[in-house]
Amino acid sequence: MVKEKRTWDWNRAAALLLYMSVTLEIVIVIVDKSDYINPIEGQLFRVTFLLAAVKVLLTKYSRKEWIALLLFGILGLVSYKATGRNEILRIVVFVAACKHTDMRKMLKYVFYMTLAGCLLLMALSVTGIFGRLALETDFGRGYMQTRYCLGLGHPNALHCMFMMLVLLGLYVYNSKMKWYSYLLLLAMNYSLFLLTDSKTGMLVTFCGIAGSAAMHYWKRLAGMKWVYGAGMALFLFCVIFSVSVADRRVANPINYCFINKAVAFADDHLNGRIRDLYYGSSTAEGTTDTWSLFSGPDNEYYFDMGFVRIFYWYGILPGTVYVMMNVLLLWQCARKKDGAGLVMMMALAVYTVVEAHIISVYIGRNYILFLMGMYAGDMLWIGSGQEEYLWGTYRLIVPK
């Protein structure tokens, strides 16, 4: 009897490497949201990078794809040399590693992993085992408040993670949603708001739910080009607004007020986010005076406004490239009639004006990067047609 010769399935092994990398990224995100200080976070990021890099080496790319990977890699290396931050390089490798991956299946995995991690932190907090249940302090509103965080560090962080899970869940399951599912999500959103008092999180979550419901029940909406044009205009407005209010000329450094009345009005409705750029540090870190083509290692001040943080942390050139990639991604959503992707991107764009949740060192909490990994070849017009790994043919699974 002849024994059947077993061969190593390189395709499955390569996919496993990417899932291992993403799993570790999600674990790092959950630990960061807890009260635990992770002493080996940097080393863990190196592991996730290595896993994704090996996945890249096991993947077949066209000449155009290699050129694109090289150019973006150079951008990441220059940024790393200038700033000491390796996030761009890690993102480039991660997006490249997503080739040949069923990203809807991957995003479902990310959804359940993140949900399980958040529920674990909440359970540990409620039972008194680990993590703070609530914070009682003055949250910058001039009076003492008790707001619940349920083990996620801060009330805003709790509502933010709920928002992210809702947006991701709607992206992967919107076609299967029932009318009462939207009502249940709206009720959960408002109930959580009563605990967190996080207005931004509540409003953006509401908009995400409403937008997803509109895409679900008005089927033709996802195929209308003007909708994506409006989405692109909204995204660019969010970026231009953020850049404009960071212009040092809109504030008076002597009497701590805004010269531009429109900026003062916006700051009043953004809970002082703009004011933090000008008066949160002695050198007005985050304003355009602290920007450069490529940022420097001293640009490490933390503030909330996400789009401003891109240009401050990484530089004008990397920030511009990121904006362009988002525009290309929106264009690709229009081509694929991906209305769910448009809704998620718009909700995150508005949220990123006032919060920097997705502008961070954590790949696992920026779902836009997963969409870029899904559409990268088509976005850049460098798709190679028949898809294959170095070690065997593998047909690309295109999400519907």
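## Helices and the loop at His100

Helices here are DSSP runs of H or I, at least four residues long, and they are numbered from the N terminus. With that in hand, we can place His100: it sits in the loop between H4 and helix H5 (103–126). Keep in mind that you're looking at a predicted model.

So what does His100 look like? Its phi is near 70°, which is a positive value in a residue other than glycine. For background, most residues other than glycine have a negative phi. His100 also counts as buried, because its relative accessibility is 1% and the cut-off for buried is under 20%.

## A second loop residue with positive phi

Now hop along the chain to Asp197, found in the loop between helix H7 (179–196) and helix H8 (199–217). The phi of Asp197 is near 55°, again a positive value in a residue other than glycine. Is Asp197 buried or exposed? At 17% relative accessibility, Asp197 counts as buried.

Helix H7 also holds Leu194. Leu194 has a relative accessibility of 57%, so it counts as exposed. Leu194 and Tyr148 are 46 residues apart in sequence, and their C-alpha atoms are 9.0 Å apart in space.

## Helix H4 under cover

Let's go back to H4. How many of the eleven residues of H4 are buried? Ten of them are, so H4 is mostly covered. The buried ones are Glu87, Ile88, Leu89, Arg90, Val92, Val93, Phe94, Val95, Ala96 and Ala97.

What does the covering? The list includes helix H1 (10–33), helix H2 (41–57), H3, helix H12 (306–314), H13 and H15. One of the buried residues of H4, Arg90, lies over the face of Phe45, at 4.0 Å from the ring centre.

## H3 against H4

Two packed helices are described by the angle between their axes and the distance between the axes. For H3 and H4, the axes come within 7 Å and cross at roughly 160°. That makes H3 roughly antiparallel to H4. On the H3 side, the contact is made by Leu69, Phe72, Gly73, Leu75, Gly76, Leu77 and Ser79, and on the H4 side by Ile88, Leu89, Val92 and Ala96. Sorted by class, that contact has eight nonpolar residues, three polar ones and no charged ones.

Take a look at Ser79, which lies in helix H3 (residues 63–83). Ser79 is buried, with a relative accessible area of 0%. Leaving out residues up to four places away in sequence, Ser79 touches Gly84, Arg85, Ile88, Phe294 and Tyr314. One of those neighbours, Arg85, has its charged end over the ring of Trp313, 3.9 Å from the ring's centre.

## Aromatic rings linking H4 and H15

Searching the whole structure turns up 19 aromatic pairs. In one of them, Phe94 pairs with Phe370 edge-to-face, at 5.0 Å centre to centre and with 75° between the planes. Why does this pair tie together parts that are 276 residues apart in sequence? Phe94 lies in helix H4 (residues 87–97) while Phe370 lies in helix H15 (residues 367–379), so the pair bridges that stretch of sequence.

Both Phe94 and Phe370 are buried. Add Tyr367, and you have one aromatic cluster made of Phe94, Tyr367 and Phe370.

## H13 across H15

H15 has another partner to look at. The axes of helix H13 (residues 316–336) and H15 come within 9 Å and cross at roughly 70°. That makes H13 roughly perpendicular to H15. H13 brings Tyr322, Met325, Asn326, Leu328, Leu329, Gln332, Arg335 and Lys336 to the contact, and H15 brings Ile368, Leu371, Met372, Tyr375, Asp378 and Met379. By class, the contact of H13 with H15 has nine nonpolar, two polar and three charged residues.

## One more loop: Ser34

Finally, find Ser34, in the loop between H1 and H2. Ser34 is buried, with a relative accessible area of 11%. How far apart are the C-alpha atoms of Ser34 and Gly153? They're separated by 5.7 Å, though the two residues are 119 residues apart along the chain.

Ser34 also touches Leu121, Phe130 and Gly151, not counting residues up to four places away in sequence.

Terms used:
Residues are numbered from 1 along each chain as its sequence is written. This is a predicted model: local features need pLDDT of at least 70, side-chain atom pairs count only at pLDDT 80 or more; totals for chains, interfaces and linings use all residues. Side-chain values use heavy atoms; hydrogens and water are left out. Rings of Phe, Tyr and Trp (its six-membered ring) pair if their centres lie within 6.5 Å; planes under 30 degrees apart count as stacked, over 60 as edge-to-face and the rest as tilted. Helices (H or I, at least four residues) and strands (E, at least two) are DSSP runs, numbered from the N terminus. Buried means under 20% relative accessible area, exposed over 50%, partly exposed in between (1.4 Å probe, protein chains only). A charge sits over a ring if NZ of Lys or CZ of Arg is within 6 Å of the ring centre and within 35 degrees of the ring normal. Contact means heavy atoms within 4.5 Å. Axes are lines fitted to C-alpha atoms, for helices over the stretch in contact, and angles run from 0 to 180 degrees between N-to-C directions. Angles under 35 degrees count as roughly parallel, over 145 as roughly antiparallel, 65 to 115 as roughly perpendicular and the rest as oblique. Ala, Val, Leu, Ile, Met, Phe, Trp, Tyr, Cys and Pro count as nonpolar, Asp, Glu, Lys and Arg as charged, and the others, Gly among them, as polar.
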